[in-house]
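Reader: Please show me the model and take me through its ligand sites. Keep it short.

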Amino acid sequence: MTRALILVDIQNDFMPTGALPVADGDAVVPVANTVAAKFDLVAATQDWHPANHGSFATQHEGHSPGELIELHGLTQVLWPDHCVQHTPGAEFVEGLDESQITKVFPKGTDVTIDSYSGFFDNGKRQDTGLAKWLEGQGVTQVYVLGVATDYCVKFTALDAVGCGFETFLVEDACRGVEMNPGDIAAALTEMSAAGVTRVQSADV
Ligand code: VGL
Ligand code: ZN
């Protein structure tokens, strides 16, 4: 049994003062550092958008963040501009111990499609190489934590299950957007139903 940890999008723009703020998002950082110390293999996903990314409301005249549009055949939530490549908002949070990260997996680089999961874009058209990397390391168990519970964490965990990994969510090391009340709870239920085991950081 070889296990790996996936740190999902622990980036400045998802912190409480960032462009796409996740309430209490900074609380995940010290927990992530503590959990990462227990793993030999740590992957970190990095939301890494071009400045004109199609998920940005600014790219769609007359539309605002939070609205739903159709983007190249997929329903897309429109977001504030966030995690633009090479900007401070896209950097990992300063308190995150990057020395514990084995490999970084950028995602969301294609302007035409969003990518919540660390494995595939939202249309499963392209993959980031994460599954192959994990398989190459002999990984069978994957632990997931970070932000946002109801978007990138959820889709990363669901795809981990889909790729055949035994998947664990480190629940106290996640925070969500909760655009609508109940979104986080619904995401947790959906992950459980898909076969994700919810654990606490102390038990990892
Ligand atoms: C995320 C919305 C847009 C996330 C990324 O990290 O959960 N959410 N881009
Ligand atoms: Zn994004």
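Author: The questions below cover the two ligands and their surroundings. This is a predicted model, where local features need pLDDT of at least 70, side-chain atom pairs count only at pLDDT 80 or more, and totals for chains, interfaces and linings use all residues. Residues are numbered from 1 along each chain, chains are lettered from A and ligands numbered from 1 as written, and side-chain values use heavy atoms without hydrogens and water.

Reader: Which residue has a side chain with an N or O atom 3.1 Å from a nitrogen atom of ligand 1?
Author: Polar contacts are pairs of N or O atoms within 3.5 Å. Backbone atoms serve at Ala148, 3.1 Å from a ligand oxygen, and at Cys152, 3.0 Å from a ligand oxygen. The side-chain contact to a nitrogen atom of ligand 1 comes from His82.

Reader: How much of the accessible area of ligand 1 does the protein cover?
Author: Areas follow the Shrake-Rupley method with a 1.4 Å probe. On its own, ligand 1 has 260 Å² of accessible area. The protein covers 99%.

Reader: Which residues coordinate the zinc ion (ligand 2)?
Author: Donors are N, O and S atoms within 2.8 Å of the metal (3.2 Å for Na, K and Ca); water is not among the atoms, so sites may look incomplete. The coordination distances here are 2.0 to 2.2 Å. In sequence the spacing is D-x1-H-x32-H. The residues are Asp47 (OD), His49 (NE2) and His82 (NE2).

Notes:
Polar contact = N/O pair within 3.5 Å; in protein donor to acceptor, adjacent residues only side chain to side chain.
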